[in-house]
Amino acid sequence: DSAPNGFSFKGIKDYLDCYWSGKLTPSQVARNIIAMLEDCDKSTPPLRAIVQWDQEQIMLMAEASTARYRNKCTLSYLDGIPVCLKEEFKVAPYHHRVGTVYLGTEPETEDATVAKKLREAGAIIIGVSNMHELGTGTTGCNPNRYHKIPRNPYKPNHFTGGSSSGSAAAVAAGLCPVAIGTDGGGSVRIPASFCGVVGLKGTFGRISCHGSLPLSYSTVSVGPICTSVADAAIVYSILAEPDPLYPYGLKQPKATLSDMCAPDLKGLKLGVDWTFFKACDAEILSMCEKAVEHLQSLGASVVEVSLPEMEEVKVAHVICILSEMRDFLQPDFNKHFEEMNLDTRANLALASQFTALDYITANRQRTRSMRFLREIFTTVNCILTPAVASTAPRIFESDLVTGSSDMSFTARSMRFMQLGNFTGIPGLVVPIGYSTAGLPISFQVMAKWWDEAVLLRIGLKLEQFRQQTKKPSIYYDILA
């Protein structure tokens, strides 16, 4: 249930209530969205959350859904729900540009697995969302002609975070309650945190990556960005299953939502490495410490744990993700260097300095780190950290023209993210408040492999910590 007073985001339940009560049909909702998509591109500055959309496609899906509601034969909880997918996924008939100007010259004819599953569930795909070029950064800054820089709905002169930048902006701005992103170094969780919405990175292999550009095959997971933890759970339960076209997830145990709605957190042990936890801005630390107390007040116990070799994890993760990206993008780097953004060039050039020996050593570190985690998860159910060490950074005039490349910011923003990508464990970020400047602050929970259910259980309780939800300064109420 949404909050009775003050502002609250419209989620899946709000859409379903409108459809079943007959207040609105999916077709009427689709017409509202088309009007909003036209509006948000004309605004100053333009929101640039959705970079490709097609009125006819949107209406076709909406009309089919409207007929199903009329005949009382809906396909799932996502029937008639507006969703968008990051441009990293193939979605017919859009161009699969992956944030570049040179890829996807022809429209796609087939869908990625997640797009196909969303269609089968009856969702209305409203378009593909903006992203940091080739997923190579955490700001979302993409000055090229097809994309431009997406704006943070809370503060339009601040970045959304990346690389699933448009996905988070679209959800926070109310254009759709559900968006799909990919996360190789925090790319779902960082923008969700900066834009004040919920982001779930599934266990590595849990949700199929088939049909997304295979930028880094050992670190990337797929996950939903939503307005609430309950909505993330719904999307997760529909998307999480083995896909014969995606070998990494074939042996996964069945996805469950067991105990998700338990009345309290009794019996749960929450692990905190305080030295690691405290490496963030003072304002964020103070709020995150209070959130830990809130979870304790619901019956969970907090256990001090030590996360060993986090410096090594940081370096090894960067070596793995950049080496794999460089390997896959080698022909692009040689052929399209001039068309790439500056920070993409810088990252791929840095990657060319890593050796085979570095990559092997980094993967040995991964084995060590996974063994450490296996031990830690015998004593605790999850690990708690702040989501990002700072709030969303400002956009400067020069960023709009040349882009932005700030390696120290990238490293800082990924600080709490890399462990999950490097070892494949799942992570959930939940907004818990706002800075004095009015920017969202979020909290992260990570669990052992395949145990997304415990994340969602804790996430539901974390949502109760935040006294109020502030309305973003760019917000479209599709159901009004």
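I will talk about two parts of this predicted model, the residue Arg-48 and the strand β4.

Let me begin with Arg-48, which is found in the loop that runs between α2, residues 26-42, and β1, residues 50-52. Although it belongs to a loop, Arg-48 counts as buried, because its relative accessibility is 14% and the cut-off for buried is under 20%. As for what surrounds this residue, and leaving aside anything up to four places away in sequence, Arg-48 touches Asp-41, Asn-130 and a run of neighbours made up of Tyr-146, His-147, Lys-148, Ile-149 and Pro-150. One of these, His-147, deserves a separate mention, since its backbone oxygen lies 2.9 Å from a polar atom of the Arg-48 side chain.

Let me now turn to β4, which covers residues 178-183 and in which 6 of the 6 residues are buried, so that the strand is largely enclosed by the rest of the structure. In a regular strand, the side chains alternate between the two faces of the sheet. In β4, Val-178, Ile-180 and Thr-182 point one way, while Ala-179, Gly-181 and Asp-183 point the other way, and the residues of both sets are buried.

Which strands, then, are joined to β4? Strand β2, residues 82-86, runs parallel to β4 and is joined to it by 3 bridges, whereas strand β6, residues 221-226, pairs with β4 in the antiparallel sense over 6 bridges. Ile-180 is a useful residue to follow here, as it stands opposite Leu-85 and has Pro-224 as its bridge partner in β6.

Terms used. Residues numbered from 1 in each chain as written. Predicted model: local features only at pLDDT ≥ 70, side-chain atom pairs only at ≥ 80, totals over all residues. Heavy atoms only, no water. Helix = DSSP H or I, 4+ residues; strand = E, 2+ residues; numbered from the N terminus. Buried < 20%, exposed > 50% of the residue type's maximum accessible area, 1.4 Å probe, protein only. Polar contact = N/O pair within 3.5 Å; in protein donor to acceptor, adjacent residues only side chain to side chain. Contact = heavy atoms within 4.5 Å. Pairing = 2+ DSSP bridges.
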